[in-house]
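Me: I've got a model open and a few labels I'd like explained. Can you walk me through the reasoning behind them?

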Amino acid sequence: MTKSPWAYTASNAPYAVFPLGGIGAGSLGIGADGRLQDWEVFNRPSKGSVNGFTHFAVRAERAGQVVDTRILHGPFTGNRSGSFLGAQYNAFGFGPRRPQMTGFPSFRKSTLTGPYPAADLEFEDIAFPGTVKMRALSPFIPLRDRESSMPVAMFEVSFVNDGDTPLDYTLFGCLAFDFVDVGANANVTIDTSKGLRLTGTTSHPSDHADHAQLSLATDHDDVSFQHHLYRGNWFDTMEVYWADISKGGRLKDRKYTDLKGLEAHNQADANEHSLMAAHVTVPPGETGTIRVALSWYVPNVQKYWISQFPITCCGTQETQSQWRNYYATEWTGSEAVADEVLENWNHLTEQTLGFRDALTDTTLPHVITDAVSANLSILKSATVLRLEDGTFYGFEGCHPSSGCCEGSCTHVWNYQQALPFLFPALERSMRVADFVENQDPESGGMAFRMALPKGIGRSTVRPCADGQFGNVMKAFRDWKLHGDDDWLKQLWPHIKAAIDFAWHPNNHDLWDPDQTGILSGRQHHTLDMELFGPSSWLCGFYLGALAAGAQMAETVGDTQSAELYRKLFANGKNWVGEHLFNGDWFMQQINVEDKKTLAPFVTDKGQVMHMSGDIYQQYWSDEHSEIKYQIGEGCAIDQVLAEWHARLYGLEHLYDPDKFATAVRSIYEHNFVERIGDLANPCRVFGMEEESGTTICSWPNGVDRPVIPLPYSQETMHGFEYAFGCQLMMIGEVDKGIRVFEAVRDRYQGHNRNPWNEIECGSNYARSMASYAAIPVLTGFEYDASAAHMGFAPVHTKDGHFKSLWSNGLSWGQIEIAEDTTRLSVLGGALSIKTLSLNGQVFSAEHIGSVLGVKAEKGRVNLEVGTHLHL
């Protein structure tokens, strides 16, 4: 049997942890060894955490005699001396943490097979009769953000009896209630009216920040349970637990009425636990399956972090630092979540697996679907929140126990392309939040971090050039994906102000005060410092905003702005091509030895960076007589990034196509490193030794390099790399683009790092969702909802055959193009089109309707879910 490319064995992939949860609802992880970890369900990250002794176990009986009992874990591959994360007497130097259950029999072999969003685990042991399989997932259904935001992990455990006699199998689910108010313990309730619902709730009222509920629920009809595990001292709890589950038969209930009685006991096992058992008899050669939902409900989010920058404008001091999770407005508790999941199990599972199949049943290279699928998990991680009104909010990534870099950072979230295509309503909520919450109503300058809670006011952090103008380009994209002119008209005053900020008198960074179409002055950017003087990188975003702004202005009837933006665009594009291109790549125009460049910015106006000192102390090196943190003549990975955005969104070219292609090839030549270990890197290390990657900036031989260059220059940051790999694909260098993707994913193979946790500034880093862009790039996808047009022109086929997922923001499905036929399938949403373009051939709605046997109405034809169009 051929091994799946998404298979990770516990013994060879100790770092593989697959996240389960909802968008903005928190998550927990399941390792390739089956252990539940990273319990990030309490509205903040918690890397490496466990939840008491929560686990699954299995037992097999034959003719009333126990054959074997095992914890549903594979081999332990952690540090056998213990973990630095454990509490005193349960940390390093005391052996593995006891909640990891390494002291009990487990399976000799376990394998977890992806891809995201569903994990299939298989457990094998010579002593256990048959095979145990588990499917673990949480709903992930494009366009259905409510179901995809459910705070739940779904487990389907199957027992395969490959013997010649019937076997009685039992699945045990042990659930701990490791709540903040541990002194009060959990109020455990059990409901057997609909199978079994085992729920623990804190003593805190429902509006308290620490109110929490956990439920373990099944719809199986043959169950037994214990309200509480035995309470005792030392190791009594798990001693009795093992005796209870390994002796055979049904569980005998145990229920303590004194909820505070645990305080005097459990010297070693200080959490309340409850236990469920589901029993199934499986004839020889058959399979028995049990469904279990693990749901949580922690409804109140508290701002536990301190904002890096002060708040100004428009807020109220009475605004509370606590708000409700979106999911708390849709469900009343963890049991309500479990009820809905169990009632709709087949639908939620089929839709989630349908998406996975559409993504992976493809002719696209494996590494593309691997990078795309793996990084979709970021949407289910603690990086993401959904506010009470449903607004999508993200940190940049996760510290081990807190969010990393607050505020849906505009320049970081610029890179991700998964949300707008798969959950476009959530992406549009980010646009509204940025333009309404973050924008200075006087100047149009946009803080690049949004302050929480909403309504508290605007951050004083300075506008960021790539983030601000990127938001304009993304507003264009989101409008094209949705086609709602009213939405555009409502946002237009904000979008216009964002563009016009370039020359606004209150733009103290002097981006383009003379309306030249060239971005200069002091420009903050995603590498956390500022460039002085024009660069193709940041000028490109300005040009992209002008091009997008002109089209949007025309749509809303602002012809004067449209005319101005087109004039500035033409001038800026020509200037960049003539003055910043050196024949091989685009550079930054600056004399780093000219201290006077900094003089216009010796001012208290405008928020400074969080570094201390004035502009000279921040940027001038007396020892080297140079301005610090610049590109100069270097070859930067993002020098033509704005073109990536423009081509994805259907905008006109921002750079001369030949110069763009030459620059992209130069980046590959000079920045792609086959062996990272040969490169000196004083920055953060995301690749090392034999690993490969593309660095942020290089200064090839013969080119002057600043003594203290652009921050992070020697790093290999994955979102940058994915965007660059897509640019290679855009110019026909598909194999090189694939190599760039391979270099990233080779660093995340389970034995070296977690395949579902690409890091940058913390875990689950948002920028890695740039990988999704490879799908529209390789499919040659184009879509304009306002024109009701969709098209495909694949740039990568497999022996002349092409098959891929597509998603346009209103519908999704698969496209398959062979030599003599095309098959377009609609799997979700509803597709309404006037024209469909396939490799340049345009089909009208009337033609499509005649093929389907339906009549086009008003020049459109509607394709509902389940439609398969053959052309």
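Reply: Sure. One definition to start: Ala, Val, Leu, Ile, Met, Phe, Trp, Tyr, Cys and Pro count as nonpolar, Asp, Glu, Lys and Arg as charged, and the others, Gly among them, as polar. Keep in mind that this is a predicted model.

Me: What makes the lining of the largest cavity 5 nonpolar, 4 polar and 2 charged residues?

Reply: Just sort the names. Ala25, Val41, Ala382, Val384 and Leu385 are in the lining and go with the nonpolar group. Gly24, Gly26, Asn43 and Asn325 also line the cavity and count as polar. Glu40 and Arg44 are there too, and they're charged by class. So you get 5 nonpolar, 4 polar and 2 charged. The space inside is about 70 Å³.

Me: Which residues line the second largest cavity?

Reply: Ser307, Gln308, Phe309, Ile311, Glu406, Arg449, Met450, Ala451 and Ser459. By class that's 4 nonpolar, 3 polar and 2 charged, around a volume of about 60 Å³. In total, the model has 6 cavities of 30 Å³ or more.

Me: How do you know that Cys697 is in no disulfide?

Reply: A disulfide needs two cysteine sulfurs within 2.5 Å. For Cys697 the nearest one, that of Cys635, is 7.0 Å away, so the pair doesn't qualify. The count for the model is 0 disulfides.

Me: Why is Cys697 called buried?

Reply: Its relative accessibility is 6%, and buried means under 20%, so the label fits. Cys539 is buried as well, because its relative accessible area is 0%.

Notes
Residues numbered from 1 in each chain as written. Predicted model: local features only at pLDDT ≥ 70, side-chain atom pairs only at ≥ 80, totals over all residues. Heavy atoms only, no water. Buried < 20%, exposed > 50% of the residue type's maximum accessible area, 1.4 Å probe, protein only. 1 Å grid on protein atoms, 1.4 Å probe; cavity = no way out; pocket = protein on both sides within 12 Å on 5 of 7 lines; lining within 4 Å. Points joined across faces, edges and corners; volume = space filled by probe spheres on them.
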